[in-house]
Every structure is written in C-alpha cells, then in structure tokens.
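Colleague: I'm new to this one and would like to know what stands behind the words people use for it. Could you show it to me and let me quiz you?

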Amino acid sequence: MPRMGKGVVGNFREEPLKGKPVSASASEMAEVVLPAQTNALGKLLGGHVMHLVDIVAAMAASRHANSYMVTASVDYIDFRNPVSLGEIVLLKSHVNRVFHTSLEIGVDVYSEDILTGARKHTTSAFVTFVAIDEHTRKPKPVPPLIVKTAEEKRRWKAAAKRRDIRLAHRLNEKRDGAHKER
Ligand SMILES: CC(C)(COP(=O)(O)OP(=O)(O)OC[C@H]1O[C@@H](n2cnc3c(N)ncnc32)[C@H](O)[C@@H]1OP(=O)(O)O)[C@@H](O)C(=O)NCCC(=O)NCCS
C-alpha cells in the first residue's frame, strides 16, 4: 500500500506522521445557481466555478493535513457542460496523492437539475496545496495517504505524471525569470 512522507522539520527528525485514508478528508459542497453568478445566457460564470473549486479543494487538503494550506498551483480547467440558473452546482474533492510538503487534490463538479435530480459532470480540476507551519510560516510535511480502492490507486498513480509536468513547468518559469532579470 503506497504511503509517503516523513516528519522532518528544521534540525529535528520527528516521529513519522500517521497515514490517513482518502475517505477521512473527502469533501463536498453545493449551492443553488443565482442570477448574480450567471452570464447573459443564464449559465454559471467560469470564474465562480474556479472560486468554488479552490474552496472545496482547500477543505479536503486542510482536513487531510490538519494544517494551514496555500494553493501552489491549479492545473488547467475544462468546462464540459454549463450549469444553468436555478440548478444546483455540486462539488466533490479528495486527496489524490501526498508528496512531501505538498499534495494534489482532485475536484469534480456536477450540475443537478432540481426537478428531475439528474446530474451532469461539468468540470474536473487538480489543485496542488502546500502545508504551512503555523509558527515558522514555512512548508511542512503532510501526513501520508492511505489508498485502498482501485479508483484511489488509479488516481494516486496518475497524480505522479501531473506532478512531473508541474515541476518541469516551474523549472522553466524559473529559468525564464532568470533570463528576464539579466
Ligand atoms: C507555494 C509556496 C509555499 C512554495 O514555496 P517555495 O519556497 O517555493 O517552497 P519549496 O520550493 O520548498 O516547495 C514546497 C513544496 O511546494 C511545491 N510547489 C512549489 N511550487 C509549486 C507549483 N507551482 N506547482 C506544484 N507544486 C509546487 C514543491 O514541489 C514542494 O512540494 P514537496 O515538498 O511536496 O516536494 C510559495 O510559492 C507560496 O507561498 N506561494 C503563494 C501561495 C498563495 O498565496 N496562494 C494563494 C493563491 S495566490
């Protein structure tokens, strides 16, 4: 069973952090789509969806780590189906993988028709958070993740590839930044 993460802070080697299952931090939130959050076609604004994605992802991240978390990156977001005025927008989040001080959260967004109860998958997103020590304000280790189901194992594997892409992108940005400063 994959487990990751060691408690190393400053010069102190702490006891290994205790693993937590994905189910312990999986989160959900929902709200009714109101006129103030819609465009001229009566569809939920993409920016509002992004706001909700960040919030529900932060819930799962901080529940897993029991820590302050900051958003380090959000992978691109596709909007496959719109959510209409009067529908319910439902968001579900779960930890996909813990790295060291960071973890990846997967978020799925659905629309729900109030009259029929029919649900449509509208958006998926991946958000990386970093745990911040409340005293030093520096990144700190996150407890390991215990993955149990076949789906959790599939997400755990897939998250490694996305991390490689993110870190390569980060390196390129740093190199570009260094060029611009010259
Ligand atoms: C995220 C942040 C804490 C990283 O700080 P840093 O000094 O670069 O820290 P480190 O290089 O030690 O990296 C810490 C962790 O963040 C991860 N990380 C940093 N930038 C990342 C990025 N763009 N994408 C994915 N992971 C990233 C690192 O991989 C590392 O994870 P690991 O320990 O699991 O391997 C810092 O950049 C920050 O505070 N950013 C602003 C966060 C914020 O305000 N968010 C709100 C929205 S703007």
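Modeller: Sure, and keep in mind that this is a predicted model. Let's start in a loop: Asn66 sits between α1 and β5 (68-74).

Colleague: Why is Asn66 called exposed?

Modeller: Count the C-beta atoms around Asn66: there are 12 others within 10 Å. A residue with 12 or fewer is called exposed, so Asn66 makes the cut.

Colleague: And what makes the phi of Asn66 worth a remark?

Modeller: Phi of Asn66 is near 45°, a positive value, and the residue is not a glycine. Most residues other than glycine have a negative phi. Asn66 follows α1.

Colleague: Where else does a residue that is not a glycine have a positive phi?

Modeller: Try Arg137, with a phi of about 65°. Arg137 is in the loop between β9 and β10 (145-146).

Colleague: Is Arg137 buried or exposed, and how do you know?

Modeller: Exposed, because Arg137 has 10 C-beta neighbours inside 10 Å, and the label goes to residues with 12 or fewer.

Colleague: Let's step back. What does the whole chain look like?

Modeller: The chain has two helices and 10 strands, and from the N terminus on they run β-β-β-β-α-β-β-β-β-β-β-α. Its C-alpha atoms fill a box of roughly 60 × 50 × 30 Å along the principal axes. Of the 182 residues, 28% count as buried. Among contacts between residues at least 6 apart in sequence, 74% join residues at least 24 apart.

Colleague: How do you know that the length of α1 agrees with what a helix should span?

Modeller: At 1.5 Å a residue, the 20 residues of α1 should span 28 Å. The end C-alpha atoms of α1 are 28 Å apart, so the two values agree.

Colleague: Which residues of α1 are buried, and what do they pack against?

Modeller: The buried ones are Val49, Leu52, Val53, Val56, Ala57, Ala60, Ala61, His64 and Ala65. They pack against β3 (20-21), β4 (27-32), β5, β7, β8 and β9. Take Ala61: leaving aside neighbours within four places in sequence, it is in contact with Met69, Leu103, Ile105 and Phe129.

Colleague: Which residues touch the most other members of the largest nonpolar core?

Modeller: Of its 30 residues, those are Val53, Ala57, Ala61, Ile105, Val107 and Val127. Two or more residues of this core come from each of α1 (46-65), β7 (88-98), β8 and β9 (119-132). α1 gives the most, with eight. In soluble globular proteins, nonpolar side chains tend to be buried together.

Colleague: What makes you say that β8 is largely enclosed?

Modeller: Eight of the 11 residues of β8 are buried, so the rest of the structure largely encloses this strand.

Colleague: Which strands does β8 pair with?

Modeller: β7 is one partner, antiparallel to β8 over 10 bridges. β9 is another, also running antiparallel to β8, with 11 bridges. β7 and β8 make a hairpin with three residues between them. In the hairpin of β8 and β9 there are six residues in between, and Gly117 in that turn has a positive phi of about 80°.

Colleague: Now pick a residue in β8. Why is Val109 called buried?

Modeller: Val109 belongs to β8 (residues 102-112). It has 25 other C-beta atoms within 10 Å. The label needs 20 or more, so Val109 counts as buried.

Colleague: What does Val109 touch, and which residue is its bridge partner in β9?

Modeller: Not counting residues up to four places away in sequence, Val109 touches Val49, Val53, Val89, Leu91, Thr122 and Thr123. Thr123 is also its bridge partner in β9. As for Val89, its bridge partner in β8 is Ser111.

Colleague: Last topic, the ligand. How many residues surround the ligand, and which are the closest?

Modeller: 14 residues surround the ligand, and the closest are Ser73, Phe99, His100, Thr101 and Ser102. The elements giving two or more residues to that shell are β5, β9 and α2 (150-181). β5 gives the most, with four.

Colleague: How do the residues of that shell divide into nonpolar, polar and charged?

Modeller: Six are nonpolar, six polar and two charged.

Methods:
Residues are numbered from 1 along each chain as its sequence is written. This is a predicted model: local features need pLDDT of at least 70, side-chain atom pairs count only at pLDDT 80 or more; totals for chains, interfaces and linings use all residues. Two residues are in contact if their C-beta atoms, placed from the backbone, lie within 7 Å. A nonpolar core is a set of buried Ala, Val, Leu, Ile, Met, Phe, Trp, Tyr and Cys residues joined through C-beta atoms within 7 Å. A residue is near a molecule or strand if its C-beta atom, placed from the backbone, lies within 6 Å of it. Ala, Val, Leu, Ile, Met, Phe, Trp, Tyr, Cys and Pro count as nonpolar, Asp, Glu, Lys and Arg as charged, and the others, Gly among them, as polar. Two strands pair if DSSP finds at least two bridges between them. The expected span of a helix is 1.5 Å times one less than its number of residues.
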